[in-house]
Amino acid sequence: VQLQASGGGLVQAGGSLRLSCAVSGRTVSNSAMGWFRQAPGKEREFVAFVSSSGAAYYADSVKGRFTISRDNAKNTVNLQMDSLKPEDTAVYYCAAHYNGAYFREVAYGYWGPGTQVTVSS
């Protein structure tokens with residue numbers, strides 16, 4: 001399984017970005033996938049998760065602003081980020097869930113290289 005995130009960049013506070021994770025070796029339509037992020041000097045943290053059945057879960061810090069979705073035709077998992085804040089600045093990673101609690105890193109078996117998101121104030 002290979003994952004490749006894209007779509008990061010520099011945006012002003014209040015703006016939007018859409019991240020996309022291209023997945024190969026796994027069909028996203030029936031896969032559980034997640035997004036994590038790591039800010040400078042901090043540990044990587046859970047952002048969003050979509051279960052194999054399509055249920056979505058979010059960290060409290062992004063709930064109501066971020067939306068995770070799957071594009072089955074393109075075999076991608078996307079993260080729409082709206083109303084961005086400077087504290088959203090981080091490297092964002094997509095990951096394929098393997099087993100265990102969706103908000104824990106150890107539950108994921110495959111990770112892609114991250115994409116940088118920078119939100120200016």
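What share of the contacts in the protein chain with a separation of 6 or more comes from residues 24 or more positions apart? The share is 55%. The legends below refer to a predicted model.

**View 1. The whole chain, built from strands.** The protein chain has 11 strands and zero helices. From the N terminus on, its elements run β-β-β-β-β-β-β-β-β-β-β. Along the principal axes, the C-alpha atoms fill a box of roughly 40 × 30 × 25 Å. The radius of gyration is 13 Å, which agrees with the value near 14 Å for a compact globule of 121 residues. Of the 121 residues, 42% are buried. The accessible surface is about 6,100 Å², and carbon and sulfur atoms hold 46% of that area.

**View 2. The largest nonpolar core.** In soluble globular proteins, nonpolar side chains tend to be buried together. Here the largest nonpolar core counts 36 residues. Trp35, Leu79, Met81 and Tyr92 have the most contacts inside this core. Elements that give two or more residues to the core include strand S1 (2-6), strand S3 (17-24), strand S8 (76-81) and strand S11 (115-120).

**View 3. Surroundings of tyrosine 92.** Leaving aside residues up to four places away in sequence, tyrosine 92 touches Ala5, Leu19, Trp35, Phe36, Arg37, Val47, Phe66, Leu79, Met81, Gly114, Thr115 and Val117. Among them, Trp35, Leu79 and Met81 also belong to the residues with the most contacts inside the largest nonpolar core.

**View 4. The aromatic pair of phenylalanine 36 and tyrosine 108.** The count of aromatic pairs comes to nine. In the pair of phenylalanine 36 and tyrosine 108, the ring centres are 5.0 Å apart and the planes stand at 80 degrees, so the pair is edge-to-face. Planes over 60 degrees apart count as edge-to-face. Phenylalanine 36 lies in strand S4 (residues 33-38) and tyrosine 108 in strand S10 (residues 108-111), so the pair ties together parts 72 residues apart in sequence. Phenylalanine 36 is buried, at 0% relative accessibility. Tyrosine 108 is buried too, with a relative accessible area of 6%.

**View 5. The aromatic cluster.** One aromatic cluster is formed by Phe36, Phe46, Phe49, Tyr57, Tyr102, Phe103, Tyr108 and Trp111. The edge-to-face pair of View 4, phenylalanine 36 with tyrosine 108, belongs to this cluster.

**View 6. Arginine 44 over two rings.** Where does the charged end of arginine 44 sit? It sits over the ring of tyrosine 93, 4.7 Å from the ring centre. Arginine 44 also lies over the face of tryptophan 111, at 3.9 Å from the ring centre. Tryptophan 111 is a member of the aromatic cluster in View 5.

Methods. Residues numbered from 1 in each chain as written. Predicted model: local features only at pLDDT ≥ 70, side-chain atom pairs only at ≥ 80, totals over all residues. Heavy atoms only, no water. Phe/Tyr/Trp six-rings, centres within 6.5 Å; stacked < 30°, edge-to-face > 60°. Helix = DSSP H or I, 4+ residues; strand = E, 2+ residues; numbered from the N terminus. Buried < 20%, exposed > 50% of the residue type's maximum accessible area, 1.4 Å probe, protein only. Lys NZ or Arg CZ within 6 Å of the ring centre and 35° of its normal. Rg over C-alpha atoms; globule rule 2.2 N^0.38 Å. Contact = heavy atoms within 4.5 Å. Areas by Shrake-Rupley, 256 points an atom, 1.4 Å probe, with all protein chains shown as cover. Core = buried A, V, L, I, M, F, W, Y, C linked by side-chain atoms within 4.5 Å.
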